[in-house]
Every structure is written in C-alpha cells, then in structure tokens.
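Work through the exercises below with the sequence and the model side by side. Each task is followed by a solution in steps.

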Amino acid sequence: MEVVIGMGERHYWLPVSSRGEPRMIRHAFRGSRWEGRPAGTSVCGVPCAMAEPNELDWFQAPTCRACTEVLIAEQDVARHGEGGE
Ligand SMILES: [Zn+2]
C-alpha cells in the first residue's frame, strides 16, 4: 500500500469503527473526501472499516488524538518549511 505523508496534503474526518474499539472514533484520512470505500487506513495508521456515518455517529464519536497530533505536526513542518520565521 502506498503511504504518502506530504505537507499541506488534504484530509477529511470520518467516524469509523476499528478493530479492538468498542465504539466509533473520528479518524482523519488522506484525500479530499470519502468516496465510498469499504475500508481504509487512518492518518494515525489504524485499519478501519468505513461506512456512511449517521448524525449520531458524528455526535458521539470522539476525535482521534493521534490523528490530530500527526496533522498538527505536519502543519508545523509546513509552516517552518516556508522559512518565514
Ligand atoms: Zn486516528
């Protein structure tokens, strides 16, 4: 599988169920949006079963902290890479 970690790459959030997790978690995924794939690997590297989330899923699923940290780190790298400060 191709793993691309690029700066400024687009991502989207989706509540998904993953192995070993009793409830859904909102992970980030590479791409501009979910295109109906049945499975995918999150930004934090967890294989997830993907399905159309309902409103309750969005409401109840906590945001994945690992995904958040990866994305923040990438933003920091992108910022420093611009050489502004
Ligand atoms: Zn995650």
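**Exercise 1. Place Met24 in the chain and decide whether Met24 is buried or exposed.**

Step 1. Met24 sits in the loop between strand 1 and strand 2. Helices (H or I, at least four residues) and strands (E, at least two) are DSSP runs, numbered from the N terminus.

Step 2. The model is predicted: local features need pLDDT of at least 70, side-chain atom pairs count only at pLDDT 80 or more, and totals for chains, interfaces and linings use all residues. Residues are numbered from 1 along each chain as its sequence is written.

Step 3. Count neighbours. A residue is buried if 20 or more other C-beta atoms lie within 10 Å of its own, exposed if 12 or fewer, and partly exposed in between, with C-beta atoms placed from the backbone. Met24 has 20 other C-beta atoms within 10 Å, so Met24 is buried.

Step 4. List the contacts. Two residues are in contact if their C-beta atoms, placed from the backbone, lie within 7 Å. Leaving out residues up to four places away in sequence, Met24 touches Pro15, Val16, Ser17, Asp57, Gln60 and Ala61.

Step 5. Check a distant partner. Met24 and Cys64 are 40 residues apart along the chain, and their C-alpha atoms are separated by 9.9 Å.

**Exercise 2. Work out the order of the strands in the sheet and name its edge strands.**

Step 1. Read along the sequence, the protein chain follows β-β-β-β-α-α, that is, 4 strands and 2 helices.

Step 2. Two strands pair if DSSP finds at least two bridges between them. Strand 1 and strand 2 are antiparallel and share 6 bridges; strand 1 and strand 4 (residues 47-49) are also antiparallel, over 2 bridges.

Step 3. Assemble the sheet. The 4 strands form an open sheet in the order 2-1-4-3, with antiparallel pairing. Strand 2 and strand 3 (39-41) are the edge strands, each pairing on one side only. Direction ignored, neighbouring strands of this sheet are turned by 50° against each other on average; the axes behind this angle are lines fitted to C-alpha atoms.

Step 4. Assign individual partners. In strand 2, Phe29 is the bridge partner of Tyr12, and Arg26 stands opposite Pro15. In strand 4, Cys48 is the bridge partner of Ser18, and Ala49 that of Ser17.

Step 5. Inspect the hairpin of strand 1 and strand 2. There are 6 residues between the strands, and Gly20 takes a positive phi near 85°.

**Exercise 3. Which residues make up the largest nonpolar core?**

Step 1. Start with the faces of strand 2. Ile25, His27 and Phe29 point to one face and are buried, while Arg26, Ala28 and Arg30 point to the other and are not. In a regular strand the side chains alternate between the two faces of the sheet.

Step 2. Collect the core. A nonpolar core is a set of buried Ala, Val, Leu, Ile, Met, Phe, Trp, Tyr and Cys residues joined through C-beta atoms within 7 Å. The largest one has 10 residues: Trp13, Leu14, Val16, Met24, Ile25, Phe29, Val43, Cys48, Cys64 and Cys67. Strand 1 (11-18) and strand 2 are the elements that give two or more residues to this core, and the largest share, 3 residues, comes from strand 1.

Step 3. Look at one member. Not counting residues up to four places away in sequence, Phe29 touches His11, Tyr12, Leu14, Gly40, Ser42 and Val43.

Step 4. Set the core against the whole: buried residues make up 15% of the 85 residues in the protein chain.

**Exercise 4. Why does helix 2 lie largely in the open?**

Step 1. Helix 2 has 17 residues and reaches 24 Å from its first C-alpha to its last, close to the 24 Å expected at 1.5 Å a residue. The expected span is 1.5 Å times one less than the number of residues.

Step 2. Of the 17 residues of helix 2, the number buried is 1, so helix 2 lies largely in the open.

Step 3. Take an example. Arg65 is found in helix 2 and is exposed, with 10 other C-beta atoms within 10 Å.

Technical notes
Axes fitted to C-alpha atoms, helices over the stretch in contact; angles between N-to-C directions.
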